[in-house]
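Colleague: Got a minute to walk me through this one? I'd like to hear the reasoning along with the answers.

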Amino acid sequence: MSVARELWTGVALDDQIQAASSNPVILDGQALAVWRGEEGPVRVWEDRCPHRGMRLSFGFVRGETLRCIYHGWTYATDGQCLAIPAHPTLAPPKTICASTYPSETRYGIVWTKLDGGSNGAALPDLGPDEGWEPVRSLFVHAAASPVLEALLNCDLGQQGPVHMVAENAAEVEIGPELRVLVAVHAMDDERTALHAVARGPRAASERAGLARRLERLRDDIERA
Amino acid sequence: MAIRLYDYSLSGSCYKVRLMLGFLGLEYERVQMNFYPGRQHRSPEFREINPLGQIPVLEEDGLRLRDAQAILCHLANSHDASGEWLPRDAERFGPVMMWLMFAGGELMAASAARLHDALGYELDIEEARRKARAAFRVLDDHLTAREIAGARWIVGDTPTIADVACFPYVALAGDGGLGHEEYPALRNWMRDFRRLPRFRAMSGIPEFI
Amino acid sequence: MTVTTDPVALNQWVPCAWDGQIPVGGSLDTMIFGQPIHVQRTGEDSYRVAAVDGTTERELPVQVRYTCVFTTLGDTPRPLPEIAEFDEADRRITGCGNVGVNTSPYRLVENFLDMAHFAFIHTDVLGALDQTEVLAYRTEHRKEVDEIWAIDCTFYQPAASKAATGGQLTRYVYRVMSPFSVMLYKNVVTDPSRNDAICVFIQPKRETECLAYMPMAIVDEVSTVGDLIDFQQSIFLQDRVILENQRPALLPLDPTSELPTRADASSIAYRRWLKAMDIRFGILEKQAA
Ligand SMILES: N[C@@H](CCC(=O)N[C@@H](CS)C(=O)NCC(=O)O)C(=O)O
Ligand code: FES
Ligand SMILES: [Fe+2]
């Protein structure tokens with residue numbers, strides 16, 4: 001499965017992107033910096049500082065700005081450069097801007113797409129956004145298609161059939177009370193990430209058990 | 001009660017000890033080793049201090065200790081009045097020891113990858129990276145389970161010597177060509193660790209967080 | 001990769017070992033510009049270097065200088081630079097071994113020329129967070145030697161060298177001696193009339209795989225060799241994280257693909273010079289050509 005650039009892809013669990021943090025994510029071979037200010041939503045940027053190319057996932061957050069680790073250039077949430085420490089009195093030209101990608105946080109998952117335009121399908125509609133509990137992210141050393149196949153045939157315990165809710169997301173009902181959503185994220189030809197969330201009255205109490213079953217699934221896929 | 005550390009700034013194992021000395025607020029004398037390119041740790045003189053030809057070595061009151069993990073145990077045992085860095089209760093003592101052995105064992109594959117990439121050590125780099133990734137995954141799975149349980153540290157509710165021993169080679173993974181992309185729980189734990197009071201960075205771990 | 005065909009890159013002397021790395025009678029296998037080479041230490045001060053292609057060997061020129069063993073694949077190489085400080089009797093001449101860095105050689109040179117990162121990457125040593133400004137300095141292309149120089153550089157440093165006991169306004173002069181070598185002169189903490197000389201010579205193994213050698217000629221009667229090396233290596237491994245995480249690793253010469261400011265005047269001059277000499281090895285744009 002190569003990633004359609006206009007397809008929304010889940011790339012992280014919202015819960016695992018700490019406040020004031022920048023994180024490295026690879027989507028279809030592209031390096032992304034996934035960061036959050038001291039408050040506010042998660043942002044997805046190209047992992048490259050416009051100045052001298054340093055990865056912004058190594059950066060540090062101050063307030064709602066992301067600062068590059070190399071020379072401390074400061075970027076606002078829209079990517080605009082606000083300050084250049086080597087020239088403290090200079091107002092950075094408007095042309096200095098980090099590349100950003102669209103990002104949406106839905107069902108506890110951070111979604112992005114590499115094609116910034118409004119082409120392509122909307123995010124899957126799974127009803128209200130509230131009530132989803134994080135389960136965990138997994139990183140499987142296998143290409144996306146065998147991972148997807150294994151996911152469709154997986155056994156998370158007493159479950160109904162797994163069905164696709166988007167080209168790259170699957171949902172499974174475990175009894176009437178528990179729904180699990182898994183976003184499939186192709187990192188490159190050899191690695192695939194899964195981001196799982198759950199919903200229902202048992203979601204929180206089942207989280208540890210579900211996480212273990214997903215780890216088992218990961219290990220089974222890699223052994224195959 | 002003077003403490004002396006045979007130290008090399010770029011050694012992740014020495015860094016474990018420097019971190020612990022810092023957390024405990026202990027003064028110490030530093031013996032500068034010319035590890036690379038001098039290979040002073042392999043000299044006959046140093047072999048008398050540590051027959052294994054490795055650093056760190058710590059001396060205190062006639063005691064001479066090698067192995068970072070053993071040194072952490074000693075420092076916590078002798079200098080931590082709170083008892084939190086090395087908890088003695090059955091619930092935590094065993095697990096702390098278990099992760100300490102992991103830090104000195106499986107996790108050292110990440111050290112090997114780093115020595116290969118930075119200092120040109122001849123070894124099977126693919127094998128070292130594969131083992132390091134396997135170790136990172138074990139710790140990431142553990143810390144994910146800890147997150148789910150509402151906890152942040154490897155054992156218990158406060159940082160222990162297990163966290164101190166595991167931190168350096170996880171944080172220095174990039175020096176051996178190993179990214180942190182696949183380990184969200186490790187990233188969050190490292191960030192919490194770096195925000196501890198008295199934490200000090202070393203070369204390879206950015207100062208700002 | 002195969003051996004580069006770039007004549008500009010081939011006609012440079014580059015280090016292939018540090019003096020003392022190989023025991024007398026011993027040898028090592030390494031690579032320059034994609035070419036496997038065999039370096040043999042035939043005597044206390046003599047080395048033999050050969051390009052190895054399967055079972056055939058072609059002997060290459062050798063020079064031992066500045067604590068390094070140099071060789072070249074070219075027929076008309078640019079001569080090694082003259083660095084007078086290495087001949088001064090009271091200097092501490094020290095190599096630091098070599099350190100592997102996975103990026104293009106030019107990223108290393110640019111990092112070495114750059115003062116704007118001191119406060120962030122060498123915090124409390126070569127720079128401080130409350131004094132991040134890079135004051136204007138001058139760059140020049142010295143045509144007679146075909147080198148790039150940056151002069152009148154100053155930067156506030158909390159601990160400028162191993163010998164430092166406090167902060168100082170350090171004066172720097174930078175000198176790019178070839179596409180793969182650069183050095184700096186910085187005023188000695190204990191004797192402002194003299195300069196420490198610190199070099200970086202790069203062995204490009206492949207386009208984005210290098211070994212960095214850091215010979216120094218230092219004025220310092222107190223520090224041990226171990227201290228001097230530890231200081232220099234600590235600084236360099238702080239830079240190494242940056243170097244291996246710049247994207248792309250190959251150097252872009254298109255002036256619009258990365259956005260410099262005045263503080264990057266030396267990097268701008270270096271890139272312009274590289275472009276004018278039409279070097280291709282390790283450069284991003286030739287990939288498209
Ligand atoms: N088990 C020792 C290992 C320490 C270690 O590997 N130290 C490295 C430096 S980071 C060393 O001295 N290596 C030399 C060698 O093993 O030959 C510990 O944890 O302290
Ligand atoms: S590379 Fe980001 S500030 Fe210079
Ligand atoms: Fe630097």
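Modeller: Sure, here are a few questions and answers on a metal site and a pair of domains; keep in mind that this is a predicted model.

Colleague: Is the site of the iron ion (ligand 3) regular or irregular?

Modeller: The donors come from His117(C) (NE2), His122(C) (NE2) and Asp239(C), which gives OD twice, at 2.0 to 2.3 Å. Four donors would need all angles between 85 and 135 degrees to count as tetrahedral. Here the angles among the 4 donor atoms run from 59 to 151 degrees, and the site comes out as irregular.

Colleague: How many residues apart in sequence are the parts that His117(C) and Asp239(C) tie together?

Modeller: Along the chain, the donors follow the spacing H-x4-H-x116-D. His117(C) sits in the loop between α2 (105-113) and α3 (118-121) of chain C, while Asp239(C) belongs to helix α4 (residues 225-243), so the parts they tie together are apart in sequence by 122 residues.

Colleague: Is Asp239(C) buried or exposed?

Modeller: The cut-off for buried is under 20% relative accessible area. His117(C) has 1% and is buried. With 5% relative accessibility, Asp239(C) is also buried.

Colleague: Over in chain A, which three residues supply 42% of the area that domain 1 buries against domain 2?

Modeller: Domain 1 covers 10-112 and domain 2 covers 132-223, and about 1200 Å² is buried between them, 66% of it from carbon and sulfur atoms. The salt bridge count between these domains is 0. On the domain 1 side, the trio that supplies more than any other three residues is Leu13(A), Ile26(A) and Tyr107(A).

Definitions and conventions. Residues numbered from 1 in each chain as written. Chains lettered and ligands numbered in written order. Predicted model: local features only at pLDDT ≥ 70, side-chain atom pairs only at ≥ 80, totals over all residues. Heavy atoms only, no water. Donors = N, O, S within 2.8 Å, 3.2 Å for Na, K, Ca; no water. Tetrahedral: all angles 85-135°; square planar, octahedral: opposite > 155°, others 65-115°. Helix = DSSP H or I, 4+ residues; strand = E, 2+ residues; numbered from the N terminus. Buried < 20%, exposed > 50% of the residue type's maximum accessible area, 1.4 Å probe, protein only. Domains from an automatic or database assignment. Buried area = accessible area lost by both parts, 1.4 Å probe. Salt bridge = Lys/Arg side-chain N within 4 Å of Asp/Glu carboxyl O.
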